[in-house]
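Grab a pencil and work through these exercises with the structure open beside you. Try each task on your own before you read its solution.

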Amino acid sequence: MSPRVRIAIVGGGISGLTAAYRLRRALGSDAHIDLVEASGRLGGVLHTATVGERAVDVGAEAFIVRRPEALDLVTELGLADRIVSPTPRRPAVWSGERLHPLPGPALMGIPAGPAVVEGLADPADLVRMADEPGQPLSWQAGADMSVGELVAERFGPSVVARSVDPMLGGVYSSLARDIGVREALPALATSLDAGTPSLSAAVDALIAAGAGASGPVFGALVGGYAVLLDALRTAAGIDPQMAGPVTDVTPSADGWVLGSDGAVDRPPYDGVILAVPAWRAGDLLHRSVPELSAPLRAVRRASSVVVSIALAPETVLPEHSGVLVGTGEGLRAKAFTFSSQKWAHLSDTGRPVSVRASFGRFGAPVPDETTEPGVEERLRRYALEDLDEVCRAAGVPPVSSRVVDVYVQRWDEGLPVYAPGHLAAMAQVLSARPPRLTLAGSSYAGVGVPACIGRAGRAVTELLDDLA
């Protein structure tokens with residue numbers, strides 16, 4: 001392979017930056033690697049902001065450490081000493097105008113038995129759960145259905161609304177009825193495919209299989225994700241092009257050409273990685289690879305808003321790491337994270353107390369200022385009113401009078417919807433991609449940071465194999 005190989009990466013989120021770093025490691029300093037980002041900011045849906053004179057993440061705030069991709073990358077970049085684990089505090093669930101313990105043991109909110117959700121689920125659904133192991137299971141091997149459909153049928157709708165929805169909503173910004181079993185819980189689908197006779201038996205077996213795992217599940221970075229993004233950019237040795245948006249990607253005799261409405265004149269590239277959302281990749285390939293464009297553009301997307309709040313030092317919050325709100329339970333926010341109680345590095349005495357509220361999900365997007373002027377101020381008010389309501393229910397004084405700073409971060413079309421059949425459709429897209437053009441991002445193999453890092457690494461491997 002020529003040391004003067006030219007590669008373009010479209011998209012400067014965690015996927016694009018990881019791909020740039022992996023390419024630099026593989027190709028060396030002589031390779032020409034262009035990373036093009038239209039937003040004017042690197043990081044995509046990872047963003048660290050200063051709120052109350054403290055650096056806090058206003059996108060994703062944590063990553064799963066039991067998956068190797070993020071942990072290995074952070075360690076490889078010399079940032080292992082920045083990794084911190086959550087405190088022992090647990091989240092609560094808001095239902096019936098009060099706080100309930102987070103159901104456990106459970107599999108992404110699917111409880112291991114009726115005792116786990118006693119006092120949270122409806123009495124009739126507790127009976128349904130107890131009887132479920134003896135009821136015929138209609139699961140068909142190889143078929144796909146939504147998590148909400150499966151759990152509602154076997155355990156009852158109140159279990160979905162008050163246990164499963166709150167858990168999945170924080171990860172996918174969607175309700176359980178919109179998320180496929182194979183997409184969110186592939187091990188559960190595999191177990192049922194293999195003939196496990198009931199949902200109860202499958203959940204029990206998977207929880208037992210994971211019971212031997214030790215250590216924390218999640219980790220975060222002191223200083224926020226900005227630390228990782230900066231390290232990747234430096235290690236990749238790139239000077240990102242904060243240029244106008246790429247308009248199309250077309251093949252040429254020498255490789256691929258990036259089109260643009262601006263004055264940027266780019267020679268052909270030997271290879272291209274599209275590290276952008278699936279629908280955006282579909283737009284770029286609409287003219288040149290229409291057979292891939294259609295399924296990419298068909299991917300639905302979810303939007304959300306994070307309201308980051310800094311409260312005066314020593315403000316008292318409910319004794320939890322956060323609150324997950326059941327579906328239809330009256331609060332406007334879908335979740336609260338009590339960041340200064342979840343992460344010890346944000347709990348130092350004398351500094352503002354950090355809280356974040358989340359709004360919006362697939363099917364219920366939050367309007368923007370164009371369609372509803374003043375919406376950001378309304379979200380601030382809703383966040384504080386709901387937070388006061390949670391505090392009152394927990395016997396804690398309201399906190400809205402102690403606000404020192406508020407930051408609103410919109411994530412319009414921030415996440416793909418992992419509907420039933422989504423992974424199968426994306427697998428077909430990846431298998432049919434044209435030579436020397438690969439795809440990375442949260443649309444293909446999971447929305448979490450480790451999944452994005454892993455997919456970016458595989459995209460680089462695919463491209464290098466094509467070039468070789």
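The exercises below use a predicted model, and each solution goes step by step.

**Exercise 1. A helix and its span**

Task: Work out how the span of helix 15 compares with the span expected at 1.5 Å a residue.

Solution:
- Start by finding helix 15, which runs over residues 449-467 and has 19 residues.
- The expected span is 1.5 Å times one less than the number of residues, which gives 27 Å for helix 15.
- Now go from the first C-alpha to the last: helix 15 reaches 27 Å, close to the expected value.
- While you're there, look at what is tucked away: the buried residues of helix 15 include Val449, Pro450, Ala451, Cys452, Leu463 and Leu464.

**Exercise 2. Salt bridges and their surroundings**

Task: Sort the partners Arg177, Asp178, Arg392 and Glu389 into buried, partly exposed or exposed.

Solution:
- Take the first pair: the side chains of Asp178 and Arg177 form a salt bridge, 3.9 Å from N to O.
- Buried means under 20% relative accessible area and exposed means over 50%.
- Asp178 has 13% relative accessibility, so it counts as buried.
- Arg177 has 58%, so it counts as exposed.
- On to the second pair: Arg392 and Glu389 meet in a salt bridge at 3.4 Å, N to O.
- Both of these residues lie in helix 13 (residues 375-393), three residues apart, which is about one turn of the helix.
- Arg392 is partly exposed at 49%, and Glu389 is partly exposed at 30%.
- Elsewhere, salt bridges with shared partners join Arg332, Arg381, Glu385 and Asp386 into one network.
- For the full tally, the structure has 27 salt bridges.

**Exercise 3. The aromatic pair**

Task: Decide whether the rings of Tyr172 and Tyr418 are stacked, edge-to-face or tilted.

Solution:
- You won't have to choose among candidates, as the structure holds one aromatic pair.
- The ring centres of Tyr172 and Tyr418 are 5.9 Å apart, and the planes are at 50 degrees, so the pair is tilted.
- Next, trace where the partners come from: Tyr172 is in helix 5 (residues 157-172), while Tyr418 is in the loop between strand 19 (403-416) and helix 14 (422-431).
- That puts the two tyrosines 246 residues apart, so to speak, in distant parts of the chain.
- Finally, check accessibility: Tyr172 and Tyr418 are both buried.**Exercise 4. Charges over rings**

Task: Find which tyrosine rings have Arg6 and Arg332 over them.

Solution:
- Arg6 lies over the face of Tyr269, 4.6 Å from the ring centre.
- Arg332 has its charged end over the ring of Tyr382, 4.1 Å from the centre.
- Arg332 may ring a bell: it belongs to a salt-bridge network with Arg381, Glu385 and Asp386.

**Exercise 5. Portrait of a serine**

Task: Describe the surroundings of Ser173, beginning with where it sits in the chain.

Solution:
- Ser173 is in the loop between helix 5 and helix 6 (181-184).
- With a relative accessibility of 4%, Ser173 counts as buried.
- The side chain of Ser173 reaches the backbone oxygen of Gly360 at 3.4 Å.
- Setting aside neighbours within four places in sequence, the contacts of Ser173 include Leu168, Ser303, Lys334, Gly360, Phe362 and Leu415.

**Exercise 6. Buried or exposed?**

Task: Say whether Thr234 and Gly259 are buried or exposed.

Solution:
- Thr234 lies in helix 9 (residues 226-236), and its relative accessible area of 65% makes it exposed.
- Gly259 is in strand 13 (residues 255-260), and it is buried, with a relative accessible area of 14%.
- For the company Gly259 keeps, leave out residues up to four places away in sequence: it touches Pro245, Val246, Thr247 and Asp248.
- Gly259 and Leu284 are 25 residues apart in sequence, and their C-alpha atoms are 8.9 Å apart in space.

**Exercise 7. Backbone oddities**

Task: Look at the peptide bond between Gly104 and Pro105, then at the phi angles of Glu53 and Glu97.

Solution:
- Gly104 and Pro105 are joined by a cis peptide bond, with omega about 5 degrees.
- Pro105 sits in the loop between strand 8 (98-101) and strand 9 (106-107).
- Glu53 is not a glycine, yet it has a positive phi of about 60 degrees.
- Glu53 is in the loop between strand 3 (48-50) and strand 4 (55-57), and it is exposed at 74% relative accessible area.
- Glu97, also not a glycine, has a positive phi of about 60 degrees.
- Glu97 is in the loop between strand 7 (91-95) and strand 8, and at 61% relative accessibility it counts as exposed.

Technical notes: Residues numbered from 1 in each chain as written. Predicted model: local features only at pLDDT ≥ 70, side-chain atom pairs only at ≥ 80, totals over all residues. Heavy atoms only, no water. Helix = DSSP H or I, 4+ residues; strand = E, 2+ residues; numbered from the N terminus. Buried < 20%, exposed > 50% of the residue type's maximum accessible area, 1.4 Å probe, protein only. Salt bridge = Lys/Arg side-chain N within 4 Å of Asp/Glu carboxyl O. Phe/Tyr/Trp six-rings, centres within 6.5 Å; stacked < 30°, edge-to-face > 60°. Lys NZ or Arg CZ within 6 Å of the ring centre and 35° of its normal. Polar contact = N/O pair within 3.5 Å; in protein donor to acceptor, adjacent residues only side chain to side chain. Contact = heavy atoms within 4.5 Å.
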